[in-house]
Amino acid sequence: MTERSAPRTDSIPLPDEVDEAFDEQVRDARPEHGARNTRVIWLLLAATFVVFLNETIMSVAIPHLVRDLRITLSAAQWLTTAFMLTMAVVIPITGFLIQRFPTRPIFGTAMSLFSAGTLLAALAPGFEVLLGARIVQATGTAIMMPLLMTTLMTLVAPSDRGRFMGRVSIVMSVAPAIGPAISGLILSYLGWRYMFWLVLPIALAMLVIGLRRVENVGETRVFPIDVVSVVLSALGFGGLVYGLSLVGGVVSGRAPGDATAMWIALAIGAAGVVAFIVRQLLLQRTDRALLDLRTFRTRNFSVSIALMAVMMAALFGTIILLPIYLQDVAGLEPLATGLLVLPGGLVMGLLGPTVGRLYDRVGPTPLLVPGSVVVSGVLWSLTLVTESTPPWMLLIAHVVLSTALAFMFTPLFTSALGSVEPHLYSHGSATVGTLQQVAGAAGTALFITVMTATAASAEAAGTAAVAAQAAGVRNAFLVGAIISLFAIVGSAFVRRPADMTHGAPAAH
């Protein structure tokens, strides 16, 4: 595969022309490109690991920020909410950016934004500046994962994609998992600013190395960005994620005044998504969609995406429920809580390459079916937790759940993106990233809503607070267990995608 050529200005290529250009690149590939491809992918993996580590590092620091910055708890939560909102707004645009601009400038922009946000956060004199810094960080983070996914699909031959997607699983699982543990360790000895000071030199090193080593891959093409689509995307996906983030506070009664804002945000979000979809269907007729929805014409992509949404909802719901149970019911300290859920995240990530090799060998079905059964089994077992359940049992359940999810995420990512045509890789990657944010927010909102509603009802009936909280956790996991049954059925319909790249030069 040759390096990216200069942008074409004569016309907008049609899909068939793009695929023909892709095939020509493959035929002209030189042997040394295998080493080049591997270097590019590993650099993107390392950089993405750094930015994803930052996504969850703030969760344990909220109480410290409330004290040091003299802000309310609800204000401090905006440091997480704003990050999610920015991700939801920016990710749908990355499909356009990756097709419009070469790899190196996109990488440089993403890591520069992340590094600038990290420096700004470390120096922030107050809450407002820190909030702005988190938004800048999130903008860079939102670009990195679709860029990594698209580059991987472009450079790696279909026979090796499972193995490389397994390495992506390390980034997606290990980095967020160790974030709370690292922040807990830092906060035990240093101030919250050191969470950013320690990440900054790593981010800057990745930026410098990447600008020197990352090479342009694939084809670019010139076409104008549709501003209306950008606005609809921001209103739609941003509104949904924001509305879902308010659900827990409204249902629990901690923030009853947010009820109106919640319903308005959800309504705007739903209307915005519908309008966005209609707009993309019109624009894709001339190959100018901001997020091309022709990826959903492939049944394998649609089924994989639907299963991914269920699993993401279950994962994020579990991630939010377990710390609540361990601290509010079991009485563990935040650092102990972070260390208890750490093994599961490490297991999920470290199993990624092994699962990827298995996928390349046997395909998705032998991995997805048993994986979905075990996920469902663990969620059903968690419906039995009480206020006296020992933490070590939760540790085992979380490790088993994480192991089962590892057997699902890599096959689903590989099958979904491998099912779309090469010229739609960037749009498929952006769709997957967008779905992660929305499904994660929906899963969190669903689990928290059920938990808080059940706990409030139990307390009103005279149940002790701790027992009521345990009852809420049980019912939340019950809802997740019921939903997981659909994943068992759907996993039988995911197939290994056909070879759509006609022998792309492999990375090793």
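In the predicted model, the side chain of threonine 118 makes a polar contact with the side chain of glutamine 137, at 2.9 Å. Threonine 118 belongs to helix 5, which spans residues 103-123, and its relative accessible area is 0%, so threonine 118 is classed as buried. When residues up to four places away in sequence are set aside, the residues touched by threonine 118 are Gln137, Phe196, Val199 and Leu200; the partner in the polar contact, glutamine 137, is thus accompanied in this list by Phe196, Val199 and Leu200.

Alanine 121 also lies in helix 5, and with a relative accessibility of 0% it counts as buried. Beyond its neighbours within four places in sequence, alanine 121 is in contact with Leu130, Ala133, Trp192, Arg193 and Phe196. One of these residues, phenylalanine 196, is separated from alanine 121 by 75 residues in sequence, while the C-alpha atoms of the two are 6.7 Å apart in space. Phenylalanine 196 is also among the residues touched by threonine 118.

Two of the residues in contact with alanine 121, Trp192 and Phe196, also pair with one another through their rings. The structure holds five aromatic pairs, and in one of them tryptophan 192 and phenylalanine 196 meet edge-to-face, with 6.4 Å between the ring centres and 85° between the planes. Both tryptophan 192 and phenylalanine 196 are buried. Phenylalanine 296 and phenylalanine 301 likewise form an edge-to-face aromatic pair, with a centre-to-centre distance of 5.2 Å and an angle of 80° between the planes. In this second pair, phenylalanine 296 has a relative accessibility of 35% and therefore counts as partly exposed, whereas phenylalanine 301, at 0%, counts as buried.

With regard to the chain as a whole, the protein comprises 17 helices and zero strands. Of its 508 residues, 57% are buried. Among contacts with a separation of 6 or more, 86% are accounted for by residues 24 or more positions apart.

The largest nonpolar core contains 102 residues, and those with the most contacts inside this core are Met111, Val168, Met311 and Phe413. Helix 11, covering residues 299-329, contributes the largest share of this core, with 17 residues. Apart from this core lies another, of 23 residues, which includes Ile57, Leu69, Ala121 and Ala122; alanine 121, described above as a buried residue of 0% relative accessibility, is therefore placed within a core that is separate from the largest one. For valine 168, the contacts outside its neighbours within four places in sequence are with Leu45, Met145, Leu148, Met149 and Leu152.

Valine 214 occupies a position outside the helices, in the loop between helix 8 (194-213) and helix 9 (227-252). Despite this loop position, valine 214 counts as buried, because its relative accessibility is 0%. Not counting residues up to four places away in sequence, valine 214 touches Val40, Leu43, Thr103, Arg104, Phe107 and Ile209. The C-alpha atoms of valine 214 and one of these residues, phenylalanine 107, are separated by 8.1 Å, although the two residues are 107 positions apart along the chain.

Glutamate 128, located in helix 6 (residues 127-155), provides a contrast in accessibility, since its value of 61% means that glutamate 128 counts as exposed. Between the C-alpha atoms of glutamate 128 and leucine 79, which are 49 residues apart along the chain, the separation is 9.8 Å.

In helix 13, which runs over residues 352-362, the residues Gly352, Pro353, Val355, Gly356, Tyr359 and Asp360 are buried. These residues cover an arc of only 160° around the axis, and they therefore lie on the same side of helix 13. The ring of one of these buried residues, tyrosine 359, has the charged end of arginine 496 sitting over it, at 5.6 Å from the ring centre. Just after helix 13, glycine 363 adopts a positive phi of about 90°.

Methods. Residues are numbered from 1 along each chain as its sequence is written. This is a predicted model: local features need pLDDT of at least 70, side-chain atom pairs count only at pLDDT 80 or more; totals for chains, interfaces and linings use all residues. Side-chain values use heavy atoms; hydrogens and water are left out. Helices (H or I, at least four residues) and strands (E, at least two) are DSSP runs, numbered from the N terminus. Buried means under 20% relative accessible area, exposed over 50%, partly exposed in between (1.4 Å probe, protein chains only). A polar contact is a pair of N or O atoms within 3.5 Å; within protein, one must be able to donate a hydrogen and the other to accept it, and residues adjacent in sequence count only if both atoms are side-chain atoms. Contact means heavy atoms within 4.5 Å. The arc is that of the directions from the helix axis to the C-beta atoms. A nonpolar core is a set of buried Ala, Val, Leu, Ile, Met, Phe, Trp, Tyr and Cys residues joined through side-chain atoms within 4.5 Å. Rings of Phe, Tyr and Trp (its six-membered ring) pair if their centres lie within 6.5 Å; planes under 30 degrees apart count as stacked, over 60 as edge-to-face and the rest as tilted. A charge sits over a ring if NZ of Lys or CZ of Arg is within 6 Å of the ring centre and within 35 degrees of the ring normal.
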